Amino acid sequence: MSQPVRGADPDTVYDALESGDALPGTAGFAGELDGMLVRDVLGRVPLYVDAERNLADTTATQWAFEPTALETPELVPPGTAVDLTTAAADPERRWTLPDPPIEADHDIALETLSDAIQTAVDEARTPARDVAVAFSGGVDSALVAELLDAPLFVVGFPDSHDVEAARTAADAMGRELTVVELEPEALERAVPAVARAIGRTNAMDVQIALPLYLVGEHVAAEGFDALAVGQGADELFGGYEKVVHLDHRVEAETTRGAVRESIETLPNQLPRDVHAIEATGLEPVAPLLHDAVVDAALRLPDSLLADERERKRALRLVAADVLPDEVATRDKKAVQYGSLVARELDRLARQAGYKRRIDDHVTKYVRSLLEAEPVPPKE
C-alpha cells in the first residue's frame, strides 16, 4: 500500500496504541502498521479486511480503504486492531470512547469547545488542500464555512428547503453561494454509482449519500480537491428529538446519556458519507468530528446540550460569536428531505413501476438500477 495509514502519522497511532488514548488529537485514522490493521474509536476513516484472505497468496490484496477493492470486504470495527499475520483473526478492542467528567462551569465548557473547534479548523486549513463547503444553511455547515472561509455550495431541487435556507443564510453572512440545482435525470444517473461506492442499497442510506455525491461532483468539476461538511454536530451536541424526549429509540435516562448513544451510532454512518464524497474524487473534511471537539462535547452537561426549547445549545452559543443570530439559531432538515432527494427518488421509483404498496419500493428500485449497470472492473 502506498499510503499505509490515513488521517494521522504512524507515530501518533503507535503512541495511541501504547497509551490507550482513544482521542489522541486526530481527525480519525485507519490503516496498517507492522502487519496489524487499526481503526480509530469513531470509525472516521473506513477500513476493510478481506474476510477470506489467503495468507499463502502474497500477491493478494488483504485490506483496503474502499470495499470495492476486495472480493469479500468486511468492515474493521472501530477502535480495534486486526492481526494480518493470522487468517480470520478476530478484531481486538484497543480503544473505547472515554467518559470524562462533566464540566459544570458553563463558561469553561463553552471556551473549551470554541478552542477545540478552532483547533480542528486550523488543522483542516492547509496550503495543499483547496476546500469547498457543503452548505445547507444550518448552524453546523455555517460555522464550518465561516471559520474555514471557504466557498459555499448547496445541492437540491429548485423548490427545496435546503436551497432556500442556504440562500438566506449566505445573504445574512455576506457570502457568495453556488447552487447546484438537481433534476430527476441527474438523480437516476447517480444512484448506481452511489450505491456501489457506499456498498449499500437500502433507501435511507442512498437518499442520504446522494446529495453528498451530487454536490461533490460539482465541487470537483470546479477544481477543488476537498469537501468540508458539518457532519457529527447532531450526534455530538444533541440535535435529535429523541435525546430530549428519551423515547423508545434510546436506552438512556438522561439527555447526556442519550447523546452518548447518538455518538456511538457514528461508526455505522460515517463510511457511507466518506465513500459518497470520495467517489467524486474529493477528500472529505469534517472539522466537528476532530478528537478535540469530541472530547469537549463529551464533557458538556445536559443544560448545554438540548431541551424542549433548544437543541445543540453549546454549539449555537459558540457559533453566535461568529455568525448572525438568525443563522446560529436556525433549525435544519435532514439532507435527504431538505434537498427533496427522498421525495424525487420515491417519485422515480413509482414511475418505474415500484409502487408504494410494494414493501421497501425505493430500495427495490435502487437495486434494479444497480443491476442494470455493468460493474466496472477492479483495478
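**Entry 1: where α5 meets α6**

I began with the contact between two helices in this predicted model. On the α5 side I listed A186, L187, R189, A190, V191, A193, V194, A195 and I198. Their partners in α6 are D205, V206, A209, L210, Y213, L214 and E217. I then sorted the residues of this contact by class and got 13 nonpolar, no polar and 3 charged.

Next I looked up the geometry. Helix α5 covers residues 184–198 and helix α6 covers residues 203–221. Their axes lie 9 Å apart, and the packing angle is about 110°. Angles of 65 to 115 degrees count as roughly perpendicular, so α5 and α6 are roughly perpendicular to each other.

**Entry 2: α5 again, now with α15**

I stayed with α5 and turned to α15. The two axes cross at roughly 80° and come within 10 Å. That makes α5 roughly perpendicular to α15 as well. Here P184, L187, E188 and V191 of α5 meet V341, E344, L345 and L348 of α15. By class I noted 6 nonpolar, no polar and 2 charged residues in this contact.

Which residues of α15 are buried? In this helix, residues 341–351, I found V341, A342, E344, L345, D346, L348 and A349. I was pleased to see E344 and D346 on that list. These buried residues pack against α5, α6, α14 (335–338) and α16 (361–372). Just past the helix comes G353, with a positive phi near 100°.

**Entry 3: L212 in α6**

I went back to α6 to look at one residue, L212. Is L212 buried or exposed? Its relative accessible area is 8%, and buried means under 20%, so L212 is buried. Leaving out neighbours within four places in sequence, I found L212 in contact with L227, V229, Q231, D273, A276 and I277. I also checked L212 against T280: they are 68 residues apart along the chain, yet their C-alpha atoms are separated by 9.3 Å.

**Entry 4: the nonpolar cores**

Then I looked for the largest nonpolar core and found 73 residues in it. Which members touch the most other members? They are I117, F135, L148, F237 and L323. Helix α2 (residues 106–124) gives the most to this core, with 8 residues.

I picked I117 for a closer look. Not counting residues up to four places away in sequence, I117 touches L143, L147, L288, V293, L315 and V318. Apart from this core lies another one of 38 residues, and A132, V191, A203 and A349 are among them. I had already met V191 in the contact of α5 with α15, and A349 among the buried residues of α15.

**Entry 5: α11, an enclosed helix**

Helix α11 (residues 291–298) has 8 residues, and 6 of them are buried, so this helix is largely enclosed by the rest of the structure. I wrote down the buried ones: D291, V293, V294, A296, A297 and L298. What covers them includes α2, α7 (233–237) and α9 (255–263). One of these buried residues, V293, also turned up as a contact of I117.

**Entry 6: R316, a buried arginine**

I found R316 in helix α12 (residues 313–319). Its relative accessible area is 5%, so R316 counts as buried. Which side chain does R316 join in a polar contact? It is that of D331, at 3.2 Å. Away from its sequence neighbours up to four places off, R316 touches V139, E310, R311, A328, T329, R330 and D331.

**Entry 7: Q269**

My next stop was Q269 in helix α10 (residues 266–278). At 18% relative accessible area, Q269 is buried. From Q269 to L315 I counted 46 residues in sequence, and 21 Å in space from C-alpha to C-alpha.

**Entry 8: two aspartates with positive phi**

I finished with backbone angles. Most residues other than glycine have a negative phi. Against that background, two aspartates caught my eye. D34 has a phi near 50°, a positive value. D34 sits in the loop between β2 (30–33) and β3 (36–39), and its relative accessibility of 68% makes it exposed. D360 also has a positive phi, of about 55°. D360 lies in the loop between α15 and α16, and at 48% relative accessibility it counts as partly exposed.

Notes: Residues numbered from 1 in each chain as written. Predicted model: local features only at pLDDT ≥ 70, side-chain atom pairs only at ≥ 80, totals over all residues. Heavy atoms only, no water. Core = buried A, V, L, I, M, F, W, Y, C linked by side-chain atoms within 4.5 Å. Buried < 20%, exposed > 50% of the residue type's maximum accessible area, 1.4 Å probe, protein only. Helix = DSSP H or I, 4+ residues; strand = E, 2+ residues; numbered from the N terminus. Contact = heavy atoms within 4.5 Å. Axes fitted to C-alpha atoms, helices over the stretch in contact; angles between N-to-C directions. Parallel < 35°, antiparallel > 145°, perpendicular 65-115°, else oblique. Nonpolar A, V, L, I, M, F, W, Y, C, P; charged D, E, K, R; others polar. Polar contact = N/O pair within 3.5 Å; in protein donor to acceptor, adjacent residues only side chain to side chain.
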